[in-house]
Structure formats: structure tokens, C-alpha cells
Amino acid sequence: MLNFSFTPEQEDFRDMLKEFVRAELLPNYTRWDREGVLPRGLWKKLGLLGVNGLRIPAEYGGSEADCVTAGIAAEEIGRGDFNLTYAVMLNSLIGEIINNHASEDLKKEWLPPIASGDKIVGIALTEPDAGTDAAGIKATAIYKDGVYVLNGEKSGISVATIGDAFLIFAKTKPDLGSRGISAFICPSDLPGVECNGYEDMGNIPIGRGSIYLNDVELPEKYLIGLEDKGFIQVMNGFDLSRLLIGLQCVGAALQSLDETIEHVKGRLSFGKPLATYQGVSFPLVTHYTQIEMIKWQAYRGLWLRDQGLKHSKESASVKWMGPKCSQEAIHECLLLNGHYAYTKEMPLEQRLRDVIGLEIGDGTAQANQMVIAKDIIGKEFRSYERPVPSK
Ligand SMILES: Cc1cc2nc3c(=O)[nH]c(=O)nc-3n(C[C@H](O)[C@H](O)[C@H](O)COP(=O)(O)OP(=O)(O)OC[C@H]3O[C@@H](n4cnc5c(N)ncnc54)[C@H](O)[C@@H]3O)c2cc1C
């Protein structure tokens with residue numbers, strides 16, 4: 001049976017979010033960018049609406065929703081405030097990882113405040129010398145007398161300047177590759193943790209930056225998953241975040257297309273509405289078609305995840321095409337709105353800046369194409385780790 005409909009509960013959830021977006025997010029989206037602050041009040045409001053705890057069990061304060069429902073939140077909030085979609089993506093990803101791999105004590109300590117929006121937790125994998133080649137990280141976590149001593153530098157980390165804790169990846173076996181990496185929850189107020197923000201082009205309220213770890217003594221209870229296996233154990237979480245990122249970009253593009261369609265219906269050129277010219281309507285149709293196709297591939301990926309089926313290549317396809325096609329759609333919308341859209345009075349220039357960030361964050365187009373190539377061509381033809389076999 002093939003069925004593309006959402007459940008009545010999912011439709012109600014979408015309607016509720018649409019009203020929230022209309023009343024509270026759209027009118028303020030550009031304000032947080034100008035002021036350079038994350039609206040913690042709205043992040044907490046998302047907690048009240050059940051958005052922060054979508055992938056967290058009810059016993060820890062979550063709303064225990066399926067992945068498709070998390071996708072609805074990413075899409076709808078993406079329409080209203082791209083930066084607040086980090087609450088959907090980060091909290092779903094980190095909520096799942098903690099719930100699946102952390103000790104009971106850690107779950108009780110971190111899941112309820114993540115779900116309520118009281119605490120923000122980021123994910124820190126990238127380093128100055130290791131981005132796409134994530135297994136090449138150099139940060140170390142050396143066990144000594146009941147604590148892991150963390151040293152190293154994480155770079156490009158979302159919520160670096162505002163996070164209460166970070167899911168940090170570090171090498172517990174520095175001589176090994178991905179098989180020597182462990183994952184930890186590291187509170188940002190521990191001695192030796194220092195966070196510095198960047199002056200970014202977009203996603204400004206998100207406070208991206210570097211995290212320096214200088215002899216940070218982290219009690220062993222903060223280990224997530226098994227020692228040396230953390231990286232491999234939690235990698236599957238990125239299949240979820242990539243689908244959600246695709247949908248948050250799709251949301252921003254659809255909102256821009258809707259606004260632009262209204263504009264071209266009303267704006268006259270040579271005595272007729274712009275919408276009557278195919279030079280105007282066909283680009284809108286092209287972008288709308290691409291975005292709709294990515295949207296449904298994203299929901300398909302989330303559905304596969306909900307069924308416990310393989311979805312890495314679907315997720316990677318959404319991650320590389322979603323941000324790319326969305327920024328192209330928003331760019332076109334900006335042009336079709338004319339010179340006024342080039343000002344900061346309209347949200348289009350900010351949407352463009354914000355969406356471009358996620359062409360890089362959580363893996364570039366090439367990084368995701370590597371995932372798809374491995375699946376459809378074969379892992380023996382990977383460009384890394386092993387040479388291509390000779391015939
Ligand atoms: C908005 C934003 C948010 C982010 N948030 C986080 C976060 O929360 N946590 C975190 O850990 N990181 C985060 N990052 C960092 C991000 O994940 C990395 O920037 C990304 O993985 C790319 O790594 P890099 O910048 O080191 O580029 P590099 O890996 O140096 O790549 C540079 C270029 O070369 C290409 N390239 C690299 N290797 C290959 C290859 N083998 N074949 C073909 N092309 C290749 C890449 O696609 C890219 O275009 C964020 C980045 C941004 C922009």
C-alpha cells in the first residue's frame with residue numbers, strides 16, 4: 001500500500017505550527033539577525049509546543065513523536081524562522097543519541113531540560129584540520145583516575161557561544177581512525193572549556209564558533225556509548241539531521257515562493273501583472289517543482305527511518321540537493337521582487353544567507369555524494385581508505 005497522507009494528529013500539529021509561525025516567528029525573523037541574539041524565550045516556547053522533545057521519550061519530558069512529525073516541524077518552522085529550526089534538528093539529533101546511547105543518569109540529567117528548552121546542547125565534531133574527513137580529528141580524551149582529560153580544538157560549531165553542553169567527539173585511541181573515537185557530553189562551564197564566536201554571513205543568532213579544550217577533566221559518566229566506538233555508534237543520527245536540514249531549507253524556499261507569487265500577481269509591468277509573463281512564471285514553476293520533489297524525498301527518508309529501513313542514501317540526497325535548490329529558489333525570488341528585496345527591509349536576503357550555511361554544515365554536497373556513491377556504486381570504489389581494485 002502506498003499512502004502519502006499525514007495522520008490527523010500530524011495535520012493538527014502542522015496547523016498549530018502554522019499559526020505559531022504566522023503570529024510569532026515571521027514578524028520577528030529579521031530582528032534576531034539584526035540584534036545578533038538567539039531568542040531563548042521562543043526556544044523555550046518551542047519546548048512548550050512539544051517541538052524540542054520530538055525524539056525524546058515521554059518519561060524524560062519529550063513528546064515521543066515519529067521522524068515524519070519531526071520533519072513537519074522542520075518544514076513549518078523553516079518557513080517562519082530558519083534559525084529556530086536548529087531547535088528541531090539539534091534537539092532531535094542529540095535527543096536520539098542520548099536516549100539510545102547514554103547511561104540512565106545522563107538521560108535524567110539532560111533529556112528533560114533539552115525537551116523543555118531550558119538547556120541547549122550542540123554537537124562538536126569538526127576541527128580546523130578535519131571537516132569532511134571527520135575521522136581525521138585530533139582532539140584527544142585520555143582516561144586517567146576516573147576522568148577523561150580532553151584536549152583539542154573544535155571549529156565551526158553551531159551554538160558554540162550559547163550552548164550549555166556539547167556532544168564532543170575525541171580520540172580515545174589517537175593512533176586509530178574512526179574506530180578510536182569516543183563521544184562525550186561535555187558541559188560548557190567546566191574548567192578548561194573556552195568558546196569563541198565567529199562573525200558569520202548568516203545563521204547569526206546561532207552563535208557558531210570554536211571550542212577550545214584545555215586539559216578539561218570530564219568525569220567518566222559523561223561517556224556516550226562505548227569507548228572507542230562512539231563515532232560509529234552515533235553516525236546513524238546524521239541520517240536524521242540531514243533529512244531535517246533538507247526540510248528546514250525547503251520550508252524557507254516554499255515561504256519565499258509563496259511570498260513571491262503574491263508579489264508577481266500584484267506588481268504591474270507594461271500594464272500587466274508580472275505573473276502573466278512566462279519569463280516570470282516559468283522560473284517560479286521550475287523552483288517549485290524541484291523543491292516539491294526534494295520535500296517528498298525527505299518525507300520518504302523519514303518514513304523509511306520510522307520503519308527501521310535503510311535510508312542513508314535518501315538522507316544524503318536530500319542534504320545535498322535541499323540547501324542547494326532552496327538557496328537557488330530564494331535567489332530567484334529575490335530577483336523577481338526587484339530592487340526592494342535587495343534591502344534588509346525584506347527577509348529574502350537573510351533567508352539566502354541563512355540557507356547557504358547549511359550547504360556546508362552537516363556535510364557538503366560532495367560529502368553526501370560520497371555516501372550515495374558508496375551505496376549505488378559500491379564501497380570498494382570509495383576514494384578514501386582503500387584504493388580502487390585493479391581488474
Ligand atoms: C552553518 C554551519 C554550521 C555548522 N555546524 C556545525 C556543528 O554544529 N558541528 C560541527 O561539528 N560542525 C559544524 N559545521 C562544520 C561543517 O560540518 C564543516 O564545515 C563541513 O563538514 C566541511 O568541512 P570543512 O569546512 O573542514 O571543509 P573541507 O572538508 O576542508 O572541504 C572543503 C571543500 O572540499 C570539498 N571536499 C573535501 N573532501 C573532498 C573529497 N574527498 N572529494 C571531493 N570534494 C571534497 C568539500 O566538499 C568542500 O567543498 C558547520 C558549518 C557551517 C557552515
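**Close-up views of a predicted model**

At 7% relative accessibility, N203 counts as buried.

**Figure 1. N203 in the loop between strand 6 and strand 7.** The model shown here and in the following views is predicted. Strand 6 comprises residues 193-197, and N203 sits in the loop that links this strand to strand 7. With a relative accessibility of 7%, N203 falls under the 20% limit, and therefore N203 is classed as buried. Apart from neighbours within four places in sequence, the contacts of N203 are F82, N83, Y86, D354 and G357.

**Figure 2. S210 and its polar contact with Y198.** S210 belongs to strand 7, which runs over residues 209-219. The relative accessible area of S210 is 5%, and the residue is buried. The side chains of S210 and Y198 form a polar contact of 2.6 Å. Y198 also appears among the residues in contact with S210 once neighbours within four places in sequence are set aside. The others in that set are E153, K154, S155, A160, E194, C195 and N196.

**Figure 3. The ligand and the residues around it.** The ligand is surrounded by 19 residues, of which I123, T126, T132, S158 and T364 come nearest. A nitrogen atom of the ligand lies 2.7 Å from a backbone N or O atom of I123. An oxygen atom of the ligand lies 2.9 Å from a backbone N or O atom of L125. The side chain of T364 places an N or O atom 2.5 Å from an oxygen atom of the ligand. On its own the ligand has 970 Å² of accessible area, and the protein covers 64% of this. Two or more residues of the shell come from each of strand 1 (121-124), strand 3 (147-157), helix 11 (348-360) and helix 12 (365-376). By class, seven residues of the shell are nonpolar, 10 are polar and two are charged.

**Figure 4. The ligand between domain 2 and domain 3.** The shell around the ligand takes residues from both domain 2 (123-228) and domain 3 (236-381), so the ligand lies between these domains.

**Figure 5. Domain 1 and domain 2 in contact.** The division of the chain gives domain 1 (8-119), domain 2 (123-228) and domain 3 (236-381). Taken over C-alpha atoms, the centres of domain 1 and domain 2 are 23 Å apart. The contact involves 22 residues of domain 1 and 18 residues of domain 2.

**Figure 6. L17 in helix 1.** Helix 1 spans residues 8-25 and includes L17. L17 is buried, and its relative accessible area is 0%. Beyond neighbours within four places in sequence, L17 is in contact with V51, I72, A73, E76 and I77. G122 is 105 residues from L17 in sequence, and the C-alpha atoms of the two are 24 Å apart in space.

**Figure 7. S317 in helix 10.** S317 is found in helix 10, which covers residues 312-336. The relative accessibility of S317 is 16%, under the 20% limit, so S317 counts as buried. A polar contact of 3.0 Å links the side chain of S317 to that of Q297. When neighbours within four places in sequence are left out, S317 is in contact with Q297, G322 and I372. S317 and A365 are 48 residues apart along the chain, and 8.7 Å separates their C-alpha atoms.

**Figure 8. V159, a residue with positive phi.** Most residues other than glycine have a negative phi. V159 is not a glycine, yet its phi is positive, at about 60°. V159 is placed in the loop between strand 3 and strand 4 (165-171). The relative accessible area of V159 is 0%, and the residue is buried.

**Figure 9. F270, a residue with positive phi.** F270 is likewise not a glycine and has a positive phi, of about 50°. The loop that holds F270 lies between strand 9 (268-269) and strand 10 (272-273). F270 has a relative accessibility of 81%, which is over 50%, and therefore F270 counts as exposed.

Notes
Residues numbered from 1 in each chain as written. Predicted model: local features only at pLDDT ≥ 70, side-chain atom pairs only at ≥ 80, totals over all residues. Heavy atoms only, no water. Helix = DSSP H or I, 4+ residues; strand = E, 2+ residues; numbered from the N terminus. Buried < 20%, exposed > 50% of the residue type's maximum accessible area, 1.4 Å probe, protein only. Polar contact = N/O pair within 3.5 Å; in protein donor to acceptor, adjacent residues only side chain to side chain. Contact = heavy atoms within 4.5 Å. Near = heavy atom within 4 Å. Areas by Shrake-Rupley, 256 points an atom, 1.4 Å probe, with all protein chains shown as cover. Nonpolar A, V, L, I, M, F, W, Y, C, P; charged D, E, K, R; others polar. Domains from an automatic or database assignment.
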